[in-house]
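Reader: Could you walk me through this one, starting with the ligand and then moving on to the charged pairs?
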Amino acid sequence: MSGVLIRNARPYGEGDNVDLRLADGEIVAIGTGLDAEEHDEIIEADGQVLLPGFVDLHTHLREPGREDTETIESGSAAAALGGFTAVFAMANTNPVADSVVVTDHVWRRGQEVGLVDVHPVGAVTVGLAGKQLAEMGTMAAGVGAVRMFSDDGHCVDDPLLMRRALEYASSLGVLIAQHAEEPRLTVGAVAHEGPTAAKLGLAGWPRAAEESIVARDALLARDANTRVHICHASTAGTVELVKWAKGQGISITAEVTPHHLLLDDSRLETYDAVNKVNPPLREATDVAALRQGLADGVIDCVATDHAPHAEQDKCCEFAVARPGMLGLETALSIVVETMVAPGLLDWRGVARVLSERPAEIVGLPDQGRPIEIGEPANLVLVDPNASWTVTSKDLASISANTPYESMTLPARVTATFLRGRVTAQAGHVRKRD
Ligand SMILES: NC(=O)N[C@@H](CC(=O)O)C(=O)O
Ligand SMILES: [Zn+2]
Ligand SMILES: [Zn+2]
């Protein structure tokens, strides 16, 4: 069986260079001076960092419904180029992924494309309307084996419904991920409520809209003795609340996006809607608290909230533009810029926040595994010394709404391996033969 021989890689950026041979979907040998077998593809790593493949708990792929902005195929390409071997595709599609027909389609189409495992996220409520629980059990039992449910884009704001969803999820052994936004506090809001929004005349989204739901859901999870996951944490107060809840023994986990680790609301001065996102870009003090929370493990992981939008929905008046930004292809570089460069995380830490913790949170047995013989060959090779300039037209996404246009960023994914198959290399995706 032909395989892949990776020569001179540094697992977790530690120790001396080693060679690894991948075959039959697994790591079959690790050593020095390994010989390639006949028909093996050889990848020269030249001392680059080898990590477990990244797992994104929060991706929007827009299929079905808005294939003009992203498809499972284009989003899978972006994911593979970004070093991801598994992504979770949010349910706010059209039709909504609130039935097994849609969730199974997403899984099957992802497998057909074959660049990354696209795990469907099921809606918590029918049509994301927040009124009636969706058939979570049927979706969990489908071929897509839904293991995470979220109304992302909307908050499950009714506390009684959220309580029932948590109880139901607990009995099914699945995870509820909450978009924490008290809707009564964000009517008409388009930007973080603070001095910048006041100066620019933009309606504000107060921190309390997020934090009040985080606190409430922590208490609901405590009482129901179940887990809850907080999507896109964006404030210093959320970090404090999650820390408090974990200290109480509550099963709460949280993610932060790359953009909330790098950008703050000073970006809004230009009124360029590329910076419009939910939750909004906050203040520099929030950014610092999120970075520290991620370094300390209070915030468990990084999730991209990759949210492609069409030009006509972004290049328009700030107040009416859609919220969301691209994230899959730039995630690693932003994590290096905000966490590795300032010394807040080492490469082990990067493996933890981009691969191991997300895989654990959602219970994926074949992802985020140690780089050892006999383990699944879901891996990413990273050039820690590279730097590159982001150009939206060179990204694989159909949409162009990256907030990092023209920025020069550190580190680059040079190859991605899904069950031992090369899915991306040197900036190109590798489709199955
Ligand atoms: N993050 C965003 O601003 N937008 C997301 C929805 C969401 O994550 O809430 C989208 O679907 O576009
Ligand atoms: Zn959201
Ligand atoms: Zn989202």
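Author: A residue counts as near a molecule if one of its heavy atoms lies within 4 Å of it. This is a predicted model, where local features need pLDDT of at least 70, side-chain atom pairs count only at pLDDT 80 or more, and totals for chains, interfaces and linings use all residues. Residues are numbered from 1 along each chain as its sequence is written, and side-chain values use heavy atoms, with hydrogens and water left out.

Reader: OK, how many residues surround ligand 1, and which are the closest?
Author: There are 15 around ligand 1, and the closest are Arg 62, Asn 92, Asp 152, Asn 278 and Asp 305.

Reader: What does Asp 305 do with a nitrogen atom of ligand 1?
Author: An N or O atom in the Asp 305 side chain lies 2.8 Å from that nitrogen, which fits the cut-off for a polar contact (a pair of N or O atoms within 3.5 Å). On the backbone side, a polar atom of Asn 278 is 2.8 Å from an oxygen atom of ligand 1, while one of Gly 153 is 3.4 Å from an oxygen atom of the ligand.

Reader: Switching to charged pairs, how many salt bridges are there?
Author: The structure holds 25, a salt bridge being a side-chain nitrogen of Lys or Arg within 4 Å of a carboxyl oxygen of Asp or Glu. One of them joins Arg 21 to Asp 40, with the closest N and O atoms 2.6 Å apart.

Reader: And what does the pair of Arg 21 and Asp 40 tie together?
Author: Arg 21 lies in strand E2 and Asp 40 in the loop between strand E3 and strand E4, so the pair ties together parts that are 19 residues apart in sequence; strands here are DSSP runs of at least two residues, numbered from the N terminus.

Notes: Chains lettered and ligands numbered in written order. Polar contact = N/O pair within 3.5 Å; in protein donor to acceptor, adjacent residues only side chain to side chain. Helix = DSSP H or I, 4+ residues; strand = E, 2+ residues; numbered from the N terminus.
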